[in-house]
Amino acid sequence: MKKITTRILTLLVMVSVCTSPALAASLPSADNTAKTEPATATVNTAVEEFKSLSKHERKTRIKEAKKVLKDYKADKRAGRAAETDQVLLAILAILLPPLAVYLKEEEITAKFWISILLTLLFWIPGVIFALLVVFDAI
């Protein structure tokens, strides 16, 4: 029992060392500014146009934007707005299970750490767990 506890603690220390800021910087971020960020001139034009609207028109536009955002979040929670390709995530779940879990969850969560632990201890349980996370079974 003592050997197993020592090995698990050593494994956890190794994982925490591996998650250095340099590694975190190399991971893909949740925001994709490269493809969604508009040009500065476009933003300035839109702001000036918004400021030139009447108070009533501003309120209606803000309400419309909030409604669209609410619908988007509801679709994303329901799984209707698929932003990632399930086939790619399934392949990654077989090759690199923790990476597939990270990309599916879009942040480092308990599922990510469980995936790392299962993958390092026994590769097959890590793959099975990652596939379950990718296909929303867990």
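Is isoleucine 94 buried, partly exposed or exposed? Select isoleucine 94 to start: this residue is partly exposed, with a relative accessible area of 40%. The scale here calls a residue buried under 20% relative accessible area, exposed over 50%, and partly exposed in between (1.4 Å probe, protein chains only).

Before moving on, a word on what you have loaded. This is a predicted model, where local features need pLDDT of at least 70 and side-chain atom pairs count only at pLDDT 80 or more, while totals for chains, interfaces and linings use all residues. Residues are numbered from 1 along each chain as its sequence is written, and side-chain values use heavy atoms, with hydrogens and water left out.

**Stop 1: around isoleucine 94**

Isoleucine 94 lies in helix α6. Helices here are DSSP runs of H or I with at least four residues (strands are E, at least two), numbered from the N terminus. Now show what isoleucine 94 touches: setting aside residues up to four places away in sequence, you should find Trp123 and Val127. Contact means heavy atoms within 4.5 Å. Try a distance label too: the C-alpha atoms of isoleucine 94 and tryptophan 123 are separated by 9.3 Å, with their positions 29 residues apart along the chain.

**Stop 2: the nonpolar patch**

Switch to a surface view and colour Val87, Ile91, Ile94, Leu95, Leu96, Trp123, Ile124, Ile128, Leu132 and Ile138. Together they form a nonpolar patch with about 940 Å² of accessible area. Two elements give two or more residues to this patch, α6 (86-95) and α9 (123-134). Patch members have over 30% relative accessible area and no salt bridge; nonpolar side chains (Val, Leu, Ile, Met, Phe, Trp, Tyr) are joined within 5 Å, and like charges within 9 Å. The areas come from the Shrake-Rupley method with a 1.4 Å probe, and for residues only the protein chains shown count as cover.

Pick out leucine 96 while you are here. Leucine 96 sits in the loop between α6 and α7 (97-105), and at 46% relative accessibility counts as partly exposed.

**Stop 3: the core**

Hide the surface and select Leu89, Leu92, Ala93, Ala100, Val101, Tyr102, Phe112, Ile116, Phe129, Ala130, Val133 and Val134. These 12 residues make up the largest nonpolar core. At least two residues come from each of α6, α7, α8 (110-121) and α9, and α9 gives the most, with four. A nonpolar core is a set of buried Ala, Val, Leu, Ile, Met, Phe, Trp, Tyr and Cys residues joined through side-chain atoms within 4.5 Å. As background, nonpolar side chains tend to be buried together in soluble globular proteins.

Zoom in on leucine 92. Not counting residues up to four places away in sequence, its contacts are Pro97, Leu99, Ala100 and Leu103.

Then hop to threonine 119 in helix α8. Threonine 119 counts as buried, at 17% relative accessibility. Leaving aside neighbours within four places in sequence, threonine 119 is in contact with Pro97, Pro98 and Gly126.

**Stop 4: the rings**

Show Tyr102, Phe112 and Trp113 as sticks: ring pairs link these three into a cluster. Rings of Phe, Tyr and Trp (its six-membered ring) pair if their centres lie within 6.5 Å; planes under 30 degrees apart count as stacked, over 60 as edge-to-face and the rest as tilted. By this rule there are two aromatic pairs. Tyrosine 102 and phenylalanine 112 are edge-to-face, at 6.2 Å centre to centre and 65° between the planes. Tyrosine 102 lies in helix α7 and phenylalanine 112 in helix α8, so this pair ties together parts 10 residues apart in sequence. Both tyrosine 102 and phenylalanine 112 are buried.

The rings of phenylalanine 112 and tryptophan 113 have centres 5.3 Å apart and planes at 75°, so they too are edge-to-face. Phenylalanine 112 has a relative accessible area of 8%, whereas tryptophan 113 is partly exposed at 36%.

**Stop 5: the salt bridges**

Last, the charged side chains. A salt bridge is a side-chain nitrogen of Lys or Arg within 4 Å of a carboxyl oxygen of Asp or Glu, and by this rule the count comes to four. One of them joins aspartate 136 and lysine 104, with the closest N and O atoms 3.5 Å apart. This pair links distant parts of the chain: aspartate 136 is in the segment after α9 and lysine 104 in helix α7, 32 residues apart. Aspartate 136 is exposed, at 54%.

Another joins lysine 67 and aspartate 71, at 4.0 Å. Both lie in helix α5 (residues 55-78), four residues apart, about one turn of the helix.
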